[in-house]
Amino acid sequence: MSKDMDIINTLESEVRSYCRSFPTVFTQAKGYKMWDQKGKEYLDFFAGAGALNYGHNNPKMKEKLIEYITNDGITHSLDMASTAKAEFLNKFNEVILKPRKLEYKVMFPGPTGTNTVESALKLARKVTGRTDIISFTNGFHGMTIGSLSVTGNSMKRKGAGIPLQNVVTMPYDNYVDNQDSLDYLERFLEDSGSGVAIPAAMILETVQGEGGINAASFEWLKKVESICKRWGILLIVDDVQAGVGRTGTFFSFEGAEIKPDIVCLSKSLSGYGVPFAITLIRPDIDKFQPGEHNGTFRGNNHAFVTATSALDYWKDDEFEKDIKVKSEMIYSFLEKMVATYPELKGEVRGRGFMVGIASEVDGLPNKIAAKAFENGLIMETSGPLDEVFKLFPPLTIDEQGLKSGFEIIEESIKSIVKEPVTS
Ligand code: PMP
């Protein structure tokens, strides 16, 4: 073991996780590739769990950031006014909101996904005066108490150490075969004997990133929106992982033609892997008092600079078209894997660049991901039982990169499914 790995294993808390799944010490990264201390090259089909949709060290963003730092641009300023902030807001409005006919106020809640979710839940409770939130089975929204309370995973929930309250979990799309989960949900709202009070908000991911790459149909999402409207419930879309192009469009809900009341964005928003999050709020419910929800690291200026540069990808529809072509390649590769290797007992799940194979065979996805790592490709598993292996390359990967990745993944599947069974 290297000295660097040794200090990490000795001194870093037991809670460390990704350095256990990918046990090497990384030194450099560029685009869809990473290198470790031994000079071994890896294809990155993990992309910072969706935080690196534009790849590592994107050259245009890097140039802007270096220029900004060299000129002594403001680094830290809480939420004071800065030119970097103004430029980001202006471009986000022009390139993202206006062309989509979306009107939102932009809140800077602190730099992580869980920060934006916490702010969304607090705001929904404040605006409606109600306490409860409806969340959905296998949803994942973060690790602080509020966002954990709307997260399904029992291991993660247990980590809270206190009761997680004021949340009712309802079945996500297709949670139970042949049952319309929204008829079920609506029955609870209609029936004053159901024990479920009208909530402040419903929170959901359009494709569940950590909960098993379950993609809700656009019809289901539309119906959620109409139920929310009927009962005066706010709709929060947590686009922390599915947003910023991951499912094929900037916001993951565009295809469903819905307009959530609150949208949570983080991960790839800065474009460069720099911590950054925003909460988008329907203007008439923008009701926090000044400073009522604050924090030291709101308005990360370096993130403003790289995020502003990243928005160039969305100035026309070229990038979206490119994502579509490549996501079709990924989808057909996965379909081919399921057909060629029946031992997988697999099913393709997801949308756009947010896809994977769910396997009915216990432990198989983890074995395949570990083998892929040995073979030089980084990918993770997802779902309550790690039943899915997840393909998450940067959206900027080229066709050659995809093909090389497919070869490693197929090789890894082949060697695992042909392994003799040991008991
Ligand atoms: N929401 C979703 C949908 C996520 O996938 C995540 C992170 N995986 C979060 C919230 C929390 O983000 P963070 O880890 O930055 O707090």
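Is Cys 19 buried, partly exposed or exposed? Select Cys 19 in your viewer and have a look. Cys 19 is partly exposed, with a relative accessible area of 21%. Keep in mind as you go that this is a predicted model.

**Stop 1: the cysteines**

Now select Cys 228. Cys 228 counts as buried, at 2% relative accessibility. Next, add Cys 264 to your selection, which holds the cysteine sulfur closest to that of Cys 228. The two sulfurs are 14 Å apart, so they are too far from each other for a bond. If you go looking for disulfides elsewhere, you can stop: a search of the whole structure finds zero.

**Stop 2: the ligand**

Select the ligand and show the residues around it. Twelve names are worth labelling here: Thr 112, Gly 113, Thr 114, Phe 140, His 141, Gly 142, Glu 205, Glu 210, Asp 238, Val 240, Gln 241 and Lys 267. If you colour this shell by character, you will get two nonpolar, six polar and four charged residues.

Zoom in on three of these neighbours, one at a time:

- Thr 114: a polar atom of its backbone is 2.8 Å from an oxygen atom of the ligand.
- Gln 241: here a polar side-chain atom lies 2.7 Å from a ligand oxygen atom.
- Lys 267: a polar atom of this side chain lies 3.1 Å from a nitrogen atom of the ligand.

How much of the ligand does the protein bury? Taken alone, the ligand exposes 390 Å², and the protein buries 81% of that.

**Stop 3: from the ligand to a salt bridge**

Stay with Glu 210, one of the residues around the ligand. Add Lys 390 to the selection, and you will see the two side chains meet in a salt bridge, with 3.7 Å from N to O. This pair links distant parts of the chain, 180 residues apart. Glu 210 sits in the loop between strand 8 (207-208) and strand 9 (214-215), while Lys 390 belongs to strand 17 (residues 388-391). Try showing the surface too: Glu 210 is partly exposed, with a relative accessible area of 21%, whereas Lys 390 is buried, at 1%.

**Stop 4: two helices joined**

How many salt bridges does the structure hold? There are 29, and another one to visit is the pair Glu 190 and Arg 230, whose closest N and O atoms are 3.2 Å apart. Glu 190 is in helix 9 (residues 181-190) and Arg 230 is in helix 10 (residues 218-231), so select both helices to see how this pair, 40 residues apart, links distant parts of the chain. Glu 190 is partly exposed, with a relative accessible area of 40%.

**Stop 5: within one helix**

Move on to helix 12 (residues 318-340) and pick out Glu 318 and Lys 321. Their side chains meet in a salt bridge of 3.9 Å, N to O. The two are three residues apart in this helix, so about one helical turn separates them. Glu 318 counts as partly exposed at 48% relative accessibility, and Lys 321 is partly exposed as well, with a relative accessible area of 47%. For a larger group, select Glu 186, Arg 187, Glu 190 and Arg 230, which are joined into one network by salt bridges that share partners.

**Last stop: an arginine in a loop**

Finish at Arg 100, in the loop between helix 5 (83-97) and strand 4 (105-107). Arg 100 is buried, with a relative accessible area of 18%. Follow its side chain to the backbone oxygen of Ile 96, which Arg 100 reaches at 3.0 Å.

Notes
Residues numbered from 1 in each chain as written. Predicted model: local features only at pLDDT ≥ 70, side-chain atom pairs only at ≥ 80, totals over all residues. Heavy atoms only, no water. Salt bridge = Lys/Arg side-chain N within 4 Å of Asp/Glu carboxyl O. Helix = DSSP H or I, 4+ residues; strand = E, 2+ residues; numbered from the N terminus. Buried < 20%, exposed > 50% of the residue type's maximum accessible area, 1.4 Å probe, protein only. Disulfide = S-S within 2.5 Å. Near = heavy atom within 4 Å. Polar contact = N/O pair within 3.5 Å; in protein donor to acceptor, adjacent residues only side chain to side chain. Areas by Shrake-Rupley, 256 points an atom, 1.4 Å probe, with all protein chains shown as cover. Nonpolar A, V, L, I, M, F, W, Y, C, P; charged D, E, K, R; others polar.
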